[in-house]
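User: I'd like to learn how to read the place where two chains meet. Could you walk me through it?

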Amino acid sequence: MATLEIKNLSRLFGNTCAVDDLSLTIGDGELVCLLGPSGSGKSTVLRMIGGFEEPTAGAILIDGQDVTRVPPERRPTGMVFQSHALWTHMNVFANVAFGLKLRRLPKDEIRRRVNGSLATVGLEGYGERKTSQLSGGQQQRVALARSLVLEPKILLLDEPFASLDQHLRERLREEVREIQRRVGITMIFVTHGQDEALAIADRIAVMRDGRLEQLSRPDRLYRQPQTEFVAGFVGQMNLLQGAIRSNVMSVAGIDLPVALADGPATLALRPEDIALEKRGDDGGADVMRVTDFGTHLSIEVRTRCRQRLKIMAPPGTGWSAGMRATLSARKFSVYRDGKLCFMPQPCDVRPAAAA
Amino acid sequence: MSMPALRRAGPASLGLSRLRANGAGITIAALLSLFILTPLVNVAIWAFTEIWRYPAVIPQKFGFRFWGDVLSRGDVHLAMTTSLSLAAIVTALSALICLPASYAFARMDFPGRNLFFMSFLTVYAFPKFGLYITIATIFLGLGLIGNFWGVVLIQLVSTLMFMVWIPVSAFQNVDRRQEEAARDAGASPLRVFWSITLPQVLPAISAAVLLTFVNTFYETEVAWLIGAPEVRTVPLLMVRFINSELVVQYGAVLSLLLWVPSFVLLMLVRRFLGAQALGRALGA
Ligand SMILES: Nc1ncnc2c1ncn2[C@@H]1O[C@H](COP(=O)(O)OP(=O)(O)OP(=O)(O)O)[C@@H](O)[C@H]1O
Ligand SMILES: [Mg+2]
């Protein structure tokens, strides 16, 4: 149970700026996911919170107390490392028990808590195994158990489920979420899996080149990406370069009313926000490829201006490659200079006229 | 052959390849024993021989007469004491100096680090004996020739190789993330060293200590160059026996005696660390 406050945090490695003036406040018992491309500074942020990397500038506060210069062993944080970092000369039990032994707990209690923790991650009975005798996923789960057993106030997870299969990943994700709710741990969770972030996070922080691009609730992040980068990074998005002339943005054979000054702009359309209409004549676009996912069809079309778009359609709508269609947008947003500058309210959206 | 490869190969070729591997193994083992064991067996037989005249394949008379002779000699006692204390002191001093140094080399960054580290290497790039001669002339001026501590000093130089290189690579091989994870779990830096770092480098350090001890114990040329004639180690005494008295048995008995300390050490290390860990440490 703790609040975490990060103020203007920066970290330089030589000339590369791994983290650049990052500010972030995380509430008590909140689960925040850090999302971003490889090398965007997620691990570095986590390592600074854990105390393994000294910030070049800025401050870190836990429950209002400045811990910027406090060594890791005296911070109320626990970290699950990207590389597991299990102690290879100890068996699984000793790995999980190490922190408890340091706290001088009675033997019985250590045994009880270690076994409980191993059971939580589905590894009961693995205590005597050497760490080298575990699969990658099992090692990750031991690393998770090792941190969970200490019940830290703030748990930092650096891609903890990277080498797990889908089922185990979902199960453990739920387990972590459950523990988080029950114990009320504040969590920061680094992940490459957007689905994972959208599924468990209270809020998602998207990072790019060491800077925070957007911090919002998952639904808002998906529906109202504030920057072009976030729009392209989170979920599927068709980003089309075009121009606005006399309050009309026309791109990919779609004309959209946009109340903005003339000039270049980027149109962002979610695949599910594009409506397709069958048309015999030469209007619209060619259907290039149709993939049936069961729950929906994923359709790739090419417009007359040779722009490719991904479109999602309900199953059983009978689309196939070679057909012709006209497009209309149910919902869209417009970015200029990388920033969101136009997004009609849902009630404003009118079906756009076909070309 | 690795397990998956074997599995792919199927049952038919499995038996064959195992047979082939065994055949090669047996050949190698046989050749090795021929080269290593023949002289050893020869020495061992001589040590217990009282009479062995030319055409006989085995000695005419076995016995412990020469053991009694050798062990009752004052110079043998003295040489044993000298050799053991020399090896022990050199090893201890070397560990005291080199182990912290190797930790510093592996983990810390300080000005001149690489230069300093390379200087260890260059010592070994020189022809060794030339280097020792140079040192000997310096020692002569300092009155360290024929002096026990002079021998200790120069032996110390020749142990740097094992006591710096092996531990440095061992310290470098310890995963920093593992140490961080221990800090994270609440361990102080000292505790991390004790519980995480040390156990992982211990096999390598034991190997380095063992090599240092054994090397110092058996070293002859430097001991002779610096120590002669006052400081007399067992190997030097053996050389003199062979040169002057031509009693084969004296040499043989001393050889067996010399072999005892290193064998005991090797067994101890094996016992505590296991052959596997030792191999891994030396391979690292
Ligand atoms: N110890 C270091 N020395 C030099 N540069 C570093 C160091 N650690 C990280 N960096 C650099 O800082 C940047 C951010 O790295 P970081 O590990 O935080 O990325 P990440 O977002 O966690 O990436 P990934 O998703 O691949 O794990 C990268 O450009 C990386 O090269
Ligand atoms: Mg990372």
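Analyst: Happy to! Let's start with the word "contact": heavy atoms within 4.5 Å of each other. Keep in mind that this is a predicted model.

User: How many residues does each chain bring to the contact?

Analyst: Chain A brings 22 residues and chain B brings 18.

User: And how do people describe the size of an interface?

Analyst: It is often given as the accessible area lost when the parts come together. Here, chain B and chain A bury about 1,600 Å² between them, and carbon and sulfur atoms give 57% of that area. On the chain B side, B:R183, B:D184 and B:A185 lose the most area to chain A; together they make up 35% of what that side buries.

User: What about charged pairs: how many salt bridges cross the interface?

Analyst: For a salt bridge, look for a side-chain nitrogen of Lys or Arg within 4 Å of a carboxyl oxygen of Asp or Glu. The rule finds 2 of them between chain B and chain A. A salt bridge joins the side chains of A:E73 and B:R183, with N to O at 2.5 Å. You met B:R183 a moment ago, among the residues that lose the most area in chain B.

User: Now chain A by itself: which helices and strands should I count?

Analyst: You will find 8 helices and 21 strands in chain A. Its C-alpha atoms fill a box of roughly 80 × 45 × 35 Å along the principal axes. Of its 355 residues, 52% count as buried.

Technical notes:
Residues are numbered from 1 along each chain as its sequence is written. Chains are lettered from A and ligands numbered from 1 in the order in which they are written. This is a predicted model: local features need pLDDT of at least 70, side-chain atom pairs count only at pLDDT 80 or more; totals for chains, interfaces and linings use all residues. Side-chain values use heavy atoms; hydrogens and water are left out. Helices (H or I, at least four residues) and strands (E, at least two) are DSSP runs, numbered from the N terminus. Buried means under 20% relative accessible area, exposed over 50%, partly exposed in between (1.4 Å probe, protein chains only). Buried area is the accessible area (1.4 Å probe) that two parts lose on being put together, summed over both.
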